Amino acid sequence: MKMAAQNVLLPCVYRVLKPAHIQKELIIFADAHHTQAPPGMAPLVEEVKRRGNMRVMEIYDDYQQISFGRLIKRMLYFMKYYARARYVVLCDNFLPAASCRKRPGTRVIQLWHGCGAFKKFGYDTTGDIPAYYKGNVYKNCDIVTVSAKGCSPYFQSAMRLPAKVFRPWGVCHTDMFFREEYNRACRELFYKKHPEAAGKQIVLWAPTFRGSPADPQLELYEDMEEFARQAEEDIFVLIKVHPLLAKKYPYDNSELSTDQLLPVTDLLISDYSSIIFEYSIYRRPMLFYAPDKETYGVERGFYLDYQKLPGAIVTDRHMLSQAVRRSLAGNTEEQAAVQEFFETYMSGCDGRVTKRLADRICGKERMDQ
């Protein structure tokens, strides 16, 4: 039924509702995974609204949580405006945007929802694209923004789009990490919530999930819980699971978001999560705890050489405490590795990404430059 709507109903609605001319001031922000502007899109929505020279239409729904009837209704609603919009901005897979042959005057901008390219995604792995979907879900994307030029080949492979589509303009969500007032506010809030952490080194464990997004699994929690329990007095351990895991595994020991915790973190422990790209903005040490890296690498696959990540790799829980202590002490080689990692995969992020994108959308700069 979904494919019938995708291949027949939506294209017909688009053709019927398509006016003679596009509305040059109309921009649509759309997402099928949130009921409000997702983090990767929200700063740009607010900036375009602030400038006031575009008519902003926001269409958000969590397609996994609504009835089939509402799903069809909301997709038809999107197509009505898609047929006349100058810009459509997405930050994840959005099937209705690929359902038809769009008019040349409409530009679809895919912001994506994460930085860098760590584990394989899109058409480079199984499970990301519905098996029943025919065609390319990204086919109508005119521009895909990436966090640095070094990521473009991986996105090109995952999305099966030509190289000219990818622009190293950065990720607008990262702008806040460059603002001292944001970092200061996060530090103040953190020590207000966690006064027991004062004077200690902050270690954050932020793993990704195992399995599929529909049935995500958390691994290694017992290891990290033991590490946190046995940590020396000058170390404060934070646990923050992937958003997909939060309801199923309510193990977080801080109510603050991961974004709020990054400015106060002295050492990040992760496994295969793209959080390492955002954290590299701070040029602080990171460590990779991945006892299952051989099996995970086979099942999911990586774009990066895991052995060349900018930090120590630990596969034995008995070695974790010692590795954490070494990483917190720091060394010149690891610092240089983090700097090189940032320059390769995050150099498009400089604190001015939202302004750069808004300038192009609102007409101050050419979109095709």
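In what order do the 6 strands of the open sheet run, and is the pairing parallel or antiparallel? I started my notes there. The model I have open is a predicted one.

**Entry 1: the open sheet**
I traced the order as β2-β1-β3-β4-β5-β6, and the pairing is parallel. I then looked for the edges: they are β2 (55-60) and β6 (166-167), each of which pairs on one side only. Next I checked one pair inside this sheet. β4 (residues 107-110) runs parallel to β5 (residues 141-145), and I find 3 bridges between them. To pin down the register, I noted that Q110 has V144 in β5 as its bridge partner. A reminder to myself: strands in a sheet pair through backbone hydrogen bonds, in either a parallel or an antiparallel way.

**Entry 2: around β12**
I moved on to β12, which covers residues 286-289. Which strands does it pair with? On the one hand there is β11 (residues 267-270), parallel to β12 over 3 bridges; on the other there is β13 (residues 311-314), also parallel, over 4 bridges. For the register I wrote down two spots: S270 sits opposite F288 in β12, and M286 sits opposite G311 in β13. The connection is worth a line too, since β12, α9 and β13 form a β-α-β unit that is right-handed.

Are the side chains of β12 buried or exposed? I went through them by face. M286 and F288 are buried on one side, and L287 and Y289 are buried on the other, so both faces of the strand are covered. The split into two pairs fits the general pattern: side chains of a regular strand alternate between the two faces of the sheet.

**Entry 3: the second largest pocket**
I get a volume of about 250 Å³ for the second largest pocket. Its lining has 16 residues, and those nearest the centre are R210, G211, S212, Y296 and R300. Two elements give two or more residues to this lining, namely β8 (210-212) and α9 (293-299). I had met α9 already, in the β-α-β unit with β12 and β13. By class I count 3 nonpolar, 7 polar and 6 charged residues in the pocket lining.

**Entry 4: the cavity**
How many cavities of 30 Å³ or more are there? I find 1. The largest cavity holds about 60 Å³ of space. Its lining is made of 13 residues, with L90, A97, V137, Y138 and C141 closest to the centre. The class split for this lining is 8 nonpolar, 3 polar and 2 charged. I also note that β5 begins at residue 141, and C141 is in that lining.

Conventions:
Residues are numbered from 1 along each chain as its sequence is written. This is a predicted model: local features need pLDDT of at least 70, side-chain atom pairs count only at pLDDT 80 or more; totals for chains, interfaces and linings use all residues. Side-chain values use heavy atoms; hydrogens and water are left out. On a 1 Å grid over the protein atoms alone, a cavity is a set of points where a 1.4 Å probe fits but cannot get out, and a pocket is an open set with protein on both sides within 12 Å along at least five of seven lines; lining residues have an atom within 4 Å of a point. Grid points are joined across faces, edges and corners, and a volume is the space filled by probe spheres set on the points. Ala, Val, Leu, Ile, Met, Phe, Trp, Tyr, Cys and Pro count as nonpolar, Asp, Glu, Lys and Arg as charged, and the others, Gly among them, as polar. Buried means under 20% relative accessible area, exposed over 50%, partly exposed in between (1.4 Å probe, protein chains only). Two strands pair if DSSP finds at least two bridges between them. A crossover is right-handed if, with the strands pointing away from the viewer, the path from the first strand over the helix to the second runs clockwise.
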